[in-house]
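Subject: The structure, and some notes to go with it

Hello,

Here is the structure I promised to pass on to you. Have a look at it first, and then read on for my notes.

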Amino acid sequence: MLTQDQFHFKHNIQTRFRDLDAFNHVNNAVFLSYFEDARKTFFERWSINLEEKSLIVASVKIDYHQQLIHPSKLIVGQKISRLGTKSFDVLSVLFCNDTQISIATSTIVCYNFLQQATVPLFEEIKKDYNI
């Protein structure tokens, strides 16, 4: 099991009443929203834009380990777990009270919308791999 101490980048989230499903726990589809919110904050540090320096989500895999109830204060720990030539993976772990609730691996592709083409990995991403 991973712990919060293994992540340099952390994002705080609080569950919302609207996240609940008929079973009165946080719906598993909402977990993707939590991971997306954290990933957006994680990417802001790289000065990504919607033109020549952009990122596209190619794949997201989520494993669920525990139920989540509302209200809960959550922490998403994130780090780059793999580097390719034009893509990389972000490992994200959702924690509640130091308990690992869910794990996601997102494959992200570096993209230039002006050229409509994938591009080599941005240097900022390579630097964050070692953190």
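Below are my notes on the main helix, the salt bridges, a histidine and the aromatic rings.

One thing to keep in mind from the start: this is a predicted model.

**Helix 1**

I would begin with helix 1, which covers residues 28–44. Its 17 residues span 26 Å from the first C-alpha to the last, close to the 24 Å expected at 1.5 Å a residue. If you look at the start of helix 1, you will find Asn27, with a side-chain oxygen within 2.8 Å of the backbone nitrogen of Ala29.

Which residues of helix 1 are buried? They are Val30, Phe31, Tyr34, Phe35, Ala38, Arg39, Phe42 and Phe43. An α-helix has 3.6 residues a turn, so residues three or four places apart point the same way. As for what these buried residues pack against, the partners are strand 1 (9–14), strand 2 (54–64), strand 3 (73–83), strand 4 (87–96) and strand 5 (99–112).

**Salt bridges**

Side chains of opposite charge can pair when their charged atoms come close. How many salt bridges does the structure hold? There are 7, and I will take you through some of them.

One of them joins the side chains of Glu124 and Lys53, at 2.5 Å from N to O. Glu124 belongs to helix 2 (residues 123–128), while Lys53 is in the loop between helix 1 and strand 2, so this pair ties together parts that are 71 residues apart in sequence. Lys53 is buried, at a relative accessible area of 15%, whereas Glu124 is partly exposed at 28%. Lys53 also has an aromatic neighbour to look at: its charged end sits over the ring of Phe122, 5.7 Å from the ring centre.

Helix 2 also holds a salt bridge between the side chains of Glu123 and Lys126, with an N to O distance of 3.1 Å. These two are 3 residues apart in helix 2, and therefore separated by about one helical turn. Glu123 is partly exposed with a relative accessible area of 48%, and Lys126 is partly exposed as well, with 36%.

Another salt bridge brings together the side chains of Asp89 and Arg82, at 3.1 Å from N to O. Is Asp89 buried or exposed? With a relative accessibility of 11%, Asp89 counts as buried. Its partner Arg82 counts as partly exposed, at 30%.

**His25**

You may want to turn next to His25, in the loop between strand 1 and helix 1. His25 counts as buried because its relative accessible area is 17%, under the 20% cut-off. Its side chain makes a polar contact of 3.2 Å with the side chain of Gln67. Leaving aside residues up to four places away in sequence, His25 touches Asp19, Leu20, Gln67 and Leu68.

**Aromatic rings**

There is plenty to look at among the rings too: the structure holds 10 aromatic pairs. In one of them, Phe9 and Phe42 have ring centres 4.9 Å apart and planes at 65°, so the pair is edge-to-face. This pair links distant parts of the chain, with Phe9 in strand 1 and Phe42 in helix 1, 33 residues apart. Phe9 is buried, with a relative accessible area of 12%, and Phe42 is buried with 3%.

The rings of Phe31 and Tyr34 make another pair, with centres 6.3 Å apart and planes at 35°, so this one is tilted. Phe31 and Tyr34 both lie in helix 1, 3 residues apart, which is about one turn of the helix. Phe31 counts as buried at 2% relative accessibility, and Tyr34 counts as buried at 2%.

Which residues form one aromatic cluster with Phe9 and Phe42? The other members are Phe43, Trp46 and Phe88. Among these residues, Phe42 and Phe43 were on the list of buried positions in helix 1.

Finally, Phe7 has a charge over its ring: Lys79 lies over the face of Phe7, at 5.1 Å from the ring centre.

I hope these notes are useful as you look around the model.

Best wishes

Terms used
Residues numbered from 1 in each chain as written. Predicted model: local features only at pLDDT ≥ 70, side-chain atom pairs only at ≥ 80, totals over all residues. Heavy atoms only, no water. Helix = DSSP H or I, 4+ residues; strand = E, 2+ residues; numbered from the N terminus. Expected span 1.5 Å × (residues − 1). Buried < 20%, exposed > 50% of the residue type's maximum accessible area, 1.4 Å probe, protein only. Contact = heavy atoms within 4.5 Å. Polar contact = N/O pair within 3.5 Å; in protein donor to acceptor, adjacent residues only side chain to side chain. Salt bridge = Lys/Arg side-chain N within 4 Å of Asp/Glu carboxyl O. Phe/Tyr/Trp six-rings, centres within 6.5 Å; stacked < 30°, edge-to-face > 60°. Lys NZ or Arg CZ within 6 Å of the ring centre and 35° of its normal.
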